[in-house]
Amino acid sequence: MRTMGDIQTAIRGEGGRARAGWLSATVSALALALIQTQPVLAQEAAAQTDPAALAQTEQTYSFDITSQPLPQALAEVSAVTGLQILYSEAAAGEHMAPALSGSFTAEQALDRLVAGSGFQYRYTGANAVTLTSALANNGEERLQLGPITVLGTRRADVPLSNVPSSITIVEREEIQKELATASRLEDVISRRVPGFNPTSNGVRQIRGRTAQVFINGVPTNEQLRASGGSDLNRVSPDQLAGIEVARGANAAFGFGSPGGIIALQTPRAESEELTLRTVVRESFNPHRIGGSHRTSLYQSVSQIVGDFDYQLGGSIAYDGSEYAPDGDLALGFDAFSGFGNAREIVGNLDGSFGLDLADFGRLRLTGTFQHVDFLEDYRIEPGVYRETFGSQSEEPRGDQSFRQSYTLNLSYENEDVLGQSVRLEAFTSKSEIENFATFGGPVIRDEQMNDYYGLRSAVTTPLDFVTDGLGFVTDGTAITYGVDFLRNRFYRPRFDDDTDVLFDFISPDVTLDSLAPYAQLDVSIGDFQLTGGLRHERYSGEVETAVGPGGIVGGDIQSFNLTLYNAGLVYFLDDNVDLYATFSQGAEISQLGRAARSAATADQVDPQPAKSNQYEIGVRGDWDSLRLGLAGFYTESDLLSALRCDGLNPCTPLREPREFWGVEASADWRIATQWGVGGVLTWQDGIRETESGDVRRIGSREVPPVLVTAYLDYDPFPWWRNTLQLNYRGKRDPFGDSTAFGEGRVDDLLLVNLAASFDVGPGALQLGVENLLNTEYTSIPAEANNNAFLWIPDEGARVSLSYSMEW
């Protein structure tokens, strides 16, 4: 745990989120680890089990504390309870504690005084607790994202309660907790975010439509020909300080986000003390230990030095293969194509450098870099759909494959430029892939390049004259406006590697430019918050001449215009509950890479945007120990972008009328100091009108079955935290005996995960078992495709251990 500096007085409390029930008899490795930690924890455990200390935990006291600076309030708590308090006066003195009147236990009193302060407390002895700033229970630095949105709205520093749409923020502590039993970042998001579709790898989807992926504000996913799915894998989860997911059509960002946005954020320095963070991970399949190891080391250093701050982080990882419950290679989702299996060496770097220019604003440069070398790559040997599982065999030249990518974002912020808030960004992103595969014939070198360049601006002007002139309009009324420019280039040729002769084009060299002015108006009227805006986008592009199979005669693509609108309303029922309703438009362009591949000349490429309308209503509540969210949505369009796949490849882009609807729910309830429960639920459905005019349900690749994640947390002691998690998917069979591609039956499934975390020394030891019961199952795409190609089981049980600390 990081030292707080100037030590004052101290407190005791039962901090920490409750973790789930412990099933020690099921996992001998976890039990052994627990036995080995006992000498380290014995002294602390004795303090927690002391009868006098436990009696004091349940004892209530009478408080009558006025609202005052936190140090003075803590002194009064100490005087009443006899507890000791350890904290930094310089940091704590900046927070005003609320008034406290009535009978409470010491823990209840502390919970109320530190709520919203950025502080939390933890046991440090039988009669003492330390207050820590921006630290999680296990001593890891915690980015305090809420209640500020990052990309869900273009206006800076907007409380989530003022946004009339569904936004989920997953903080670092929650990410780290999930990584005990999650193999991929997709798994972390699907367990924490309702509405996210984990089944359509390579095309990130929320509520049935494409979601735009950002890393530190830089777009990374392949908008012109979605395929490889490398966007979420371009950073290590240990690099992330938080994830923001805005669900539903997002007119504020326009093209590419009809389903929402997924924003990944790497950390920045938060302390004037030199802070080093270390995370070591190891995991393996207990039924096939050899070859299944995944080992990683992440190290970062950060510090605020005067007006300058820096964070540098890097990781190196060996990523072994995935194995099914029977010990054969599983259907992994980490290869270039979005499926397959591989063994890799993965290197990652992240950096954040900030300079405070005082009255002249702030500059920040963020960046990430990744290089992946494939040691061994496998190709799929199809099985017999729903009868015999397929297998995977080694690609002879797979060890020459690699993936490399980077992102850069330079931003400038100033909260007072002639009374206005200004944010400017210049960014770039590049991904380069070479994949060697045989496909039963010659060795094919598949080259893939995806580039982004852009500028983004936002100016927020308070409308004080409206507030002053109309008594019923309150503070917070403002207009945000700006202009965005974005260039996206995608190119994917394939060569016969033996002769270096062009084999074909998965996509010719396609470039798309967009220029988009926008404006958003926020109006506060009593208990209501109104939001409305528009965005106009002008598109132009070109295709380079490509000679050969899949080639095209190059030239300019038809230019087009697109205007999107949004409007929303939030009603604050009371201090804890708000209701909201919103209308927002989104748009995507039918995948130009695929369209250019099937066109003879550039002027035959149809870039007409697929514009959709989304309607949403919801309610959210936030109390001291309970958070709830419930939302319903409906989306419709006459020209939604879709694919027709006659078998696996090639898939042809098309337009067709589609409708989606669904319900999403989330809950987190801290029942008591030691217990907590919660989870997320997603239910979706939809219909499509085919080229022949028939109306059919939408397949399960785009509309998954009911998805439920539920957890039970149990903390027997503050230094020992447990989680039992259930992941359930329902059965979906809207097509009967159909053998059409994408209309297969999906069977129901229940998976069990178990994790435990222990405070050991200066950090936390975390253990977990994913797919605890070693259940054999196939993925939703494997079942929904009605195709033998992916008919291979997913991974069986995986045991993981990690240790993380700051020092």
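**Exercise 1. Contacts of Val-77**

Which residues does Val-77 touch, not counting residues up to four places away in sequence?

Solution.
- Step 1. Note that the model is predicted.
- Step 2. Locate the residue: Val-77 sits in helix H3.
- Step 3. List its partners. Outside the four places on either side in sequence, Val-77 touches Phe-63, Ile-65, Gly-82, Leu-110 and Leu-113.
- Step 4. Check its accessibility. Val-77 counts as buried because its relative accessibility is 0%, and buried means under 20%.
- Step 5. Add a distance. From C-alpha to C-alpha, Val-77 and Tyr-61 are 9.4 Å apart in space, with their positions 16 residues apart in sequence.

**Exercise 2. Two helices**

Describe how helix H3 and helix H5 are arranged, and name the residues that meet.

Solution.
- Step 1. Find the helices: H3 covers residues 70-81 and H5 covers residues 106-114.
- Step 2. Read the geometry. Their axes come within 11 Å and cross at roughly 175 degrees.
- Step 3. Classify the angle. Angles over 145 degrees count as roughly antiparallel, so H3 is roughly antiparallel to H5.
- Step 4. Name the residues. On the H3 side they are Leu-70, Ala-73, Leu-74, Val-77 and Thr-81; on the H5 side they are Ala-106, Leu-110 and Leu-113.
- Step 5. Sort them by class. The contact of H3 with H5 has 7 nonpolar residues, 1 polar residue and no charged residues.
- Step 6. Recall a general point about spacing. In an α-helix there are 3.6 residues a turn, so residues three or four places apart point the same way.

**Exercise 3. Confidence along the chain**

Over which residues does the pLDDT stay under 50?

Solution.
- Step 1. Start with the whole protein chain: its mean pLDDT is 82, and 81% of its residues reach 70 or more.
- Step 2. Take residues 1-56. Here pLDDT stays under 50, and the model has 173 contacts beyond four places in sequence for this stretch.
- Step 3. Take residues 134-149. Here too the pLDDT is below 50, and the stretch has 71 contacts in the model beyond near neighbours in sequence.

**Exercise 4. The chain as a whole**

How many helices and strands does the protein chain have?

Solution.
- Step 1. Count the elements: the protein chain has 10 helices and 38 strands.
- Step 2. Look at burial. Of the 807 residues in the protein chain, 60% are buried.
- Step 3. Look at sequence separation. Among contacts between residues at least 6 apart in sequence, 69% join residues at least 24 apart.
- Step 4. Take one helix as an example. Helix H7, residues 185-192, is mostly covered, with 8 of its 8 residues buried. These buried residues are Leu-185, Glu-186, Asp-187, Val-188, Ile-189, Ser-190, Arg-191 and Arg-192.

**Exercise 5. Aromatic rings**

Describe the pair formed by Trp-719 and Trp-720.

Solution.
- Step 1. Recall what is needed. A pair of aromatic rings is described by the distance of the centres and the angle of the planes.
- Step 2. Place the pair in context: a search of the whole structure finds 15 aromatic pairs.
- Step 3. Give the values. Between Trp-719 and Trp-720 the centres are 6.0 Å apart and the planes differ by 20 degrees; the pair is stacked.
- Step 4. Apply the cut-off: planes under 30 degrees apart count as stacked.
- Step 5. Add the surroundings. Trp-719 and Trp-720 are both buried, and together with Phe-717 and Phe-758 they form one aromatic cluster.

**Exercise 6. Positive phi**

Compare the settings of Ala-358 and Asn-774: is each residue buried or exposed?

Solution.
- Step 1. Recall the general rule. Most residues other than glycine have a negative phi.
- Step 2. Give the angles. Phi of Ala-358 is near 60 degrees, and phi of Asn-774 is about 55 degrees.
- Step 3. Find the loops. Ala-358 is in the loop between strand E18 and strand E19, while Asn-774 lies in the loop between E37 and helix H10.
- Step 4. Judge accessibility. Ala-358 counts as exposed because its relative accessibility is 59%. Asn-774 counts as buried because its relative accessibility is 18%.

**Exercise 7. A residue in strand E26**

What is Phe-528 in contact with, leaving aside its neighbours within four places in sequence?

Solution.
- Step 1. Phe-528 belongs to strand E26, residues 528-543.
- Step 2. With a relative accessibility of 34%, Phe-528 counts as partly exposed.
- Step 3. Leaving aside those neighbours, Phe-528 is in contact with Val-523, Leu-569, Val-570, Tyr-571 and Phe-572.

Definitions and conventions. Residues are numbered from 1 along each chain as its sequence is written. This is a predicted model: local features need pLDDT of at least 70, side-chain atom pairs count only at pLDDT 80 or more; totals for chains, interfaces and linings use all residues. Side-chain values use heavy atoms; hydrogens and water are left out. Axes are lines fitted to C-alpha atoms, for helices over the stretch in contact, and angles run from 0 to 180 degrees between N-to-C directions. Helices (H or I, at least four residues) and strands (E, at least two) are DSSP runs, numbered from the N terminus. Angles under 35 degrees count as roughly parallel, over 145 as roughly antiparallel, 65 to 115 as roughly perpendicular and the rest as oblique. Contact means heavy atoms within 4.5 Å. Ala, Val, Leu, Ile, Met, Phe, Trp, Tyr, Cys and Pro count as nonpolar, Asp, Glu, Lys and Arg as charged, and the others, Gly among them, as polar. pLDDT is the predictor's confidence in each residue, from 0 to 100. Rings of Phe, Tyr and Trp (its six-membered ring) pair if their centres lie within 6.5 Å; planes under 30 degrees apart count as stacked, over 60 as edge-to-face and the rest as tilted. Buried means under 20% relative accessible area, exposed over 50%, partly exposed in between (1.4 Å probe, protein chains only).
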